[in-house]
Amino acid sequence: MRGRARTRAEWARREHLGIDHFAFFSGYLERLPLDKLADQYLETGLDLRMARSTLVWIQERLIAGARRAQNYSAARLLAIAPAQQASTEEAAANGAPPTAEFRRPSVVALTRPSLEEFAEAHDPDGFYSQRELLALFAEHYPEARPDRRAKRNERLRRRQVAALRALQALLAVEPAQHHHCAGWFHPALARRLEHAGVVQLADLFDIITQRGPRWYTKVRSLGEIGAKRLQQWLADHADSLGRTLPAIALTPRRQLSGEAKRAIRGLSVHVDGVAPLEWLIWPDFEGTPASARDRRIFRRQCRSPERGRVRGRDGGRPVRQRGGQWYRARDRAARGDVAAFAPNRQIRAGNDLAAVKVWLAAVAAGRAPGTVQSYRQHAERFLNWLASVCRRPLAALTVEDVTAYRAFLAAPPAHWIAPRGTARFTAAWRPFSKPLDEASVRLSMTVLQGMCGWLVKSQYLRFNPFELVAKPRAVDAAAFGTMHVEHALTDAVWDALEAYWRPRAIHDASAERTLFVLQLGRTTGLRLAELARATVGDLRCTMLANTGPLWSLSVVGKGSKRRDVELAGSLVRRIETHLAGRSLGTDLRQMVTNPDLACVALIGRLPEEVRQDGPSKPGRGAPDANGEISQHAPLTPAALRRVIQRGYRTAAQALATASPEAAASLAVATPHWLRHTFGTHALEHGAALEVVQKLMGHASIATTSKYLRPEKRRRAADMDKVFGS
């Protein structure tokens, strides 16, 4: 009853009748199939159940509108179901029950030829006169008796259509951007959109423009077909809404050119000038700082460590130091161009934005792409804060400013936060996806301290204010170890997960890949990025005496450190079977020695994913002869994360009744749980601690020892012996 009441309340929020609704109801009066009508006029598509509920709502709204207009005749007419003279099958197609009226056979008129055709068939020689021929024709084809029921139903239908047209002029409204989605769409669809933050029709425009053609992935239970119906609905009402979806917003991101991205960037209004590093416009700090104290700080920042006369950057007249003040340097410092006047600086950057870009380019060599991306993320957050909140250059930064920024990271304003995955070239992008926890704040402060230290060494800055501010304390090691133990799949949960996917993987390529990914992650303990990068060329086969072939996987992990992960025999056979299913061969040794297969990813793409990705971009996998991404190109870590998460959630829903504990664990699991599961299971089943350390790539054996739950159980058992259980 609670669910039924909630549904009624949701239907009450749907308040607008549009032209589409009147066209749908008119087709219903014409006895056309409801599912076809809904697919043509409504946002529900071919869903017959949703079409029926929408029909009931439209009829109730029409009757209520007719009564408000005191047109009680129209209210009575529209409450009558259209008379049916169709067969039982047609009635079932319309969603009506097969009543006795449908089962009664209707009068079928014989197909009569013309008089000339009848004469050619029965009197080719012209024997009969015209009167006799007419009498013979009437004898063969008597006039059908008029169906009074059909005439009465036709008169009723015409009166219903006339009443509907009269109400259309009175009740029909046109959609507007400020209208609530629940006022136009089916309550089930409106509820899903609200959960994704789409409240008004303008929000629907915004999310499509900002997130691109796959915007529907952020809306629960909304697929590609339903998303296209909504996009078509917006296109059909573009005139009344006063807004259209730009074509570039519906183009896959990988197919967008730089000009298209700049065009999307300018589609909506920016908030406080917040932008990614590549789109950030560094402001002119002319006229700041205003206080005498801050001006003294500027002068100290611009003062040369050497005494005497120093030339400016442009080689102009030397600037003489008078009373500890450099007037020309002071003026330029106020414009944020402080670093250009250090006499021995090692970089040519003219402002803080350019200096940070030089730092990123200088430290990128020899570091993993993920590390460089993390550096860029922390730097662009800091530069946006400098330009929009602090409003002063790096050279004027004080310890108080750094302390304020540390607090800002833990509680950024709401307009600085956007959902993860928002395209960087859209105006909806923001530096944060959520407030940072203590560990993330500590990491950000460490990165910025290193950045400012590098700028000090290059003599762009005079001192590093981040060195004087304490960072949040690191997470307690014991608590971190407990988290590792909890975030692992038990043997029972893993068996249930594998048992769910194994039969489905026999005939379904997507299920087969999901099962392979789960087995590979659980059996090797690789990180998500390491799994995504693994290729056939990374497999190694070593032949040893009396042991046979030994297989391993060469992995480049954190800190660009390479390690070899030995593979179990069962996993080797599983890899061989998986690659054979992708038509790459049947012998793993031959595949490893084939140079054409060296770049083939162990975890490939499905055919539909290749079609969605479109043309290849640099770093997205090897393109084929047509410039398209190959089916054997590696998945991105984000795409692989979605595959694993889908594998967890789908199994959790199916196991909710048979195995509630397994379902509860899988419902909250993340891809990194596979790595924790590997470490926990390996040590529990007798693997040596140092072996697991090497396989997982831990720098310290203390990190690996956190998975020692058998040791913890032994300690607890000893305490029970001493003090009692």
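Four exercises on this structure follow, each with a worked solution.

The model is predicted: local features need pLDDT of at least 70, side-chain atom pairs count only at pLDDT 80 or more, and totals for chains, interfaces and linings use all residues. Residues are numbered from 1 along each chain as its sequence is written, and side-chain values use heavy atoms, without hydrogens and water.

**Exercise 1. Helix span**

Check the span of helix α20 against its number of residues.

*Solution.* Helices are DSSP runs (H or I, at least four residues), numbered from the N terminus. The expected span is 1.5 Å times one less than the number of residues. Helix α20 has 12 residues, 399-410, so it should span 16 Å. Its end C-alpha atoms are 17 Å apart, which agrees.

**Exercise 2. The buried side of α20**

Find the buried residues of α20 and say what covers them.

*Solution.* Buried means under 20% relative accessible area (1.4 Å probe, protein chains only). In α20 the buried residues are Asp401, Val402, Tyr405, Phe408 and Leu409. They cover an arc of only 115 degrees around the axis, so they sit on the same side of α20. The arc is taken from the directions from the helix axis to the C-beta atoms. A general rule helps here. An α-helix has 3.6 residues a turn, so residues three or four places apart point the same way. The cover over the buried residues of α20 includes α19 (369-390) and α21 (438-457).

**Exercise 3. Cys181**

Place Cys181 and list its contacts beyond four places in sequence.

*Solution.* Cys181 is in the loop between α10 (148-171) and α11 (187-195). Its relative accessibility is 0%, so Cys181 counts as buried. Contact means heavy atoms within 4.5 Å. Outside its neighbours within four places, Cys181 contacts Ala190, Leu193, Val198, Val199, Gln200 and Leu201. Take Val198: Cys181 and Val198 are 17 residues apart along the chain, with 7.7 Å between their C-alpha atoms.

**Exercise 4. Leu531**

Describe the surroundings of Leu531 in helix α25.

*Solution.* Helix α25 covers residues 528-533 and holds Leu531. Leu531 is buried, with a relative accessible area of 3%. Not counting residues up to four places away in sequence, Leu531 touches Leu520, Gly521, Thr524, Leu526, Ile603 and Leu640. Now compare chain and space. Leu531 and Leu635 are 104 residues apart in sequence, and their C-alpha atoms are 9.3 Å apart.

Terms used:
Helix = DSSP H or I, 4+ residues; strand = E, 2+ residues; numbered from the N terminus. Buried < 20%, exposed > 50% of the residue type's maximum accessible area, 1.4 Å probe, protein only.
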